[in-house]
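Open the model in your viewer and keep the sequence panel visible. Each stop below names a selection and then says what is there.

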Amino acid sequence: MENPSYRIKVQLEKSDYKKFVMHYHRMRFFFSLVFMIMFFGMVTWVQFPFEYGFDISLYMPMLFMAGIFSLSYFNLVYQANKLFDGDIALNRPYEVLLNSDEIRTVCANGETNYLWKDIHGYRINNDVIYVFYTPVKGLILPLRSFATVGESEKVIELIKQADNSKYTNAIRKRNLLRAGIYVLLLVFIIYMIASALYPSPYQH
């Protein structure tokens with residue numbers, strides 16, 4: 001049976017690496033934002049109108065969290081730019097060879113092989129493909145690196161068929177569990193808000 005292989009020449013740009021770093025931290029920022037929104041809802045609808053009146057001090061924890069959130073975001077962008085500028089390997093071109101058995105990278109420092117069973121997962125976005133060989137490290141394949149759109153589509157299909165790693169399902173289960181916890185918290189807060197707005201007539 002024919003085993004198609006593809007050779008992709010990659011030259012990363014700073015924006016590619018920055019997007020990769022932000023992609024890895026996206027869930028942390030998303031859940032932090034959701035938490036701040038939920039906290040704002042609790043303060044505004046449960047405490048402010050019914051018991052305390054307008055007191056800006058009630059919002060100080062949320063403002064503090066918003067400040068930490070903003071500083072973390074800009075620090076992450078700064079660190080990503082700094083790492084890219086200081087890492088010679090990231091600035092050098094390299095080749096990626098893929099087939100249904102393995103992924104091989106060839107660069108100035110040598111060759112590295114990854115079997116698909118050891119791959120931790122992949123992510124396909126509109127302009128880039130990420131293939132993770134550890135939970136925090138991965139190959140960045142910008143779609144502009146492919147010779148044609150047809151070639152990129154074939155590689156995407158190859159990745160989907162070849163990735164049978166045990167890690168992919170584990171990561172998905174972990175993300176689902178985390179999302180479920182936040183959904184339960186959100187439902188609880190909505191319940192508290194509804195109880196404050198529409199108290200039961202049987203309560204004394």
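The tour goes from one sheet to the core, then to a second sheet and its aromatic rings.

**Before you select**

This is a predicted model: local features need pLDDT of at least 70, side-chain atom pairs count only at pLDDT 80 or more, and totals for chains, interfaces and linings use all residues. Residues are numbered from 1 along each chain as its sequence is written, and side-chain values use heavy atoms, with hydrogens and water left out.

Helices (H or I, at least four residues) and strands (E, at least two) are DSSP runs, numbered from the N terminus. Two strands pair if DSSP finds at least two bridges between them.

**Stop 1: the four-stranded sheet**

Select strands 1 to 4. They form an open sheet in the order 1-2-3-4, with antiparallel pairing. Strand 1 (6-10) and strand 4 (110-115) are the edges; each has a single partner strand, so one side of each has no neighbour in the sheet. Neighbouring strands are turned by 15 degrees against each other on average, direction ignored. Axes here are lines fitted to C-alpha atoms, for helices over the stretch in contact; angles run from 0 to 180 degrees between N-to-C directions.

Now isolate residues 94-98 and 102-107. These are strand 2 and strand 3, paired in the antiparallel sense over four bridges. They form a hairpin with three residues between them. Pick L97: its bridge partner in strand 3 is R104.

Move on to strand 4. Strand 3 pairs with strand 4 in the antiparallel sense over six bridges. The hairpin joining the two runs through two residues. E102 stands opposite L115 in strand 4.

Click A108, in the loop between strand 3 and strand 4. A108 is exposed, with a relative accessible area of 60%. (Buried means under 20% relative accessible area, exposed over 50%, partly exposed in between, with a 1.4 Å probe and protein chains only.) Draw a C-alpha to C-alpha distance from A108 to Y94: 7.5 Å, for residues 14 apart in sequence.

**Stop 2: E95**

Is E95 buried or exposed? E95, in strand 2, is buried at a relative accessible area of 18%. Its bridge partner in strand 3 is V106. Show side chains: a polar contact of 2.7 Å joins E95 and R7. (A polar contact is a pair of N or O atoms within 3.5 Å; within protein, one must be able to donate a hydrogen and the other to accept it, and residues adjacent in sequence count only if both atoms are side-chain atoms.) Leaving aside neighbours within four places in sequence, E95 is in contact with R7, I8, K9, R104, T105 and V106. Contact means heavy atoms within 4.5 Å.

**Stop 3: helix 5 and the core**

Select residues 149-162. This is helix 5, lying across strand 1 and strand 2 and running at about 115 degrees to strand 1.

Next, the largest nonpolar core. Of its 34 residues, V96, L98, I103, W116, V131 and I140 touch the most other members. Elements giving two or more residues to this core include helix 1 (14-24), helix 3 (60-86), strand 6 (128-132) and strand 7 (138-142). A nonpolar core is a set of buried Ala, Val, Leu, Ile, Met, Phe, Trp, Tyr and Cys residues joined through side-chain atoms within 4.5 Å.

Centre on I103. Residues up to four places away not counted, I103 touches V96, L97, L98, T112, N113, Y114, W116, I119, V131 and L139.

**Stop 4: the three-stranded sheet**

Select strands 5 to 7. This open sheet has the order 5-6-7, with antiparallel pairing. The twist averages 10 degrees from one strand to the next. Strand 6 and strand 7 pair over five bridges. F132 stands opposite G138 in strand 7. Add helix 1: it lies across strand 5, strand 6 and strand 7, at about 55 degrees to strand 6. Helix 5 also packs on this sheet, touching strand 5 and strand 6.

**Stop 5: the rings**

Show Phe, Tyr and Trp. Rings (for Trp, the six-membered ring) pair if their centres lie within 6.5 Å; planes under 30 degrees apart count as stacked, over 60 as edge-to-face and the rest as tilted. The count comes to six aromatic pairs. The rings of F20 and Y130 have centres 5.2 Å apart and planes at 75 degrees, so the pair is edge-to-face. F20 lies in helix 1 and Y130 in strand 6, so the pair ties together parts 110 residues apart in sequence. F20 is buried at 8%, and Y130 is buried at 1%. Finish by adding F132: ring pairs link F20, Y130 and F132 into a cluster.
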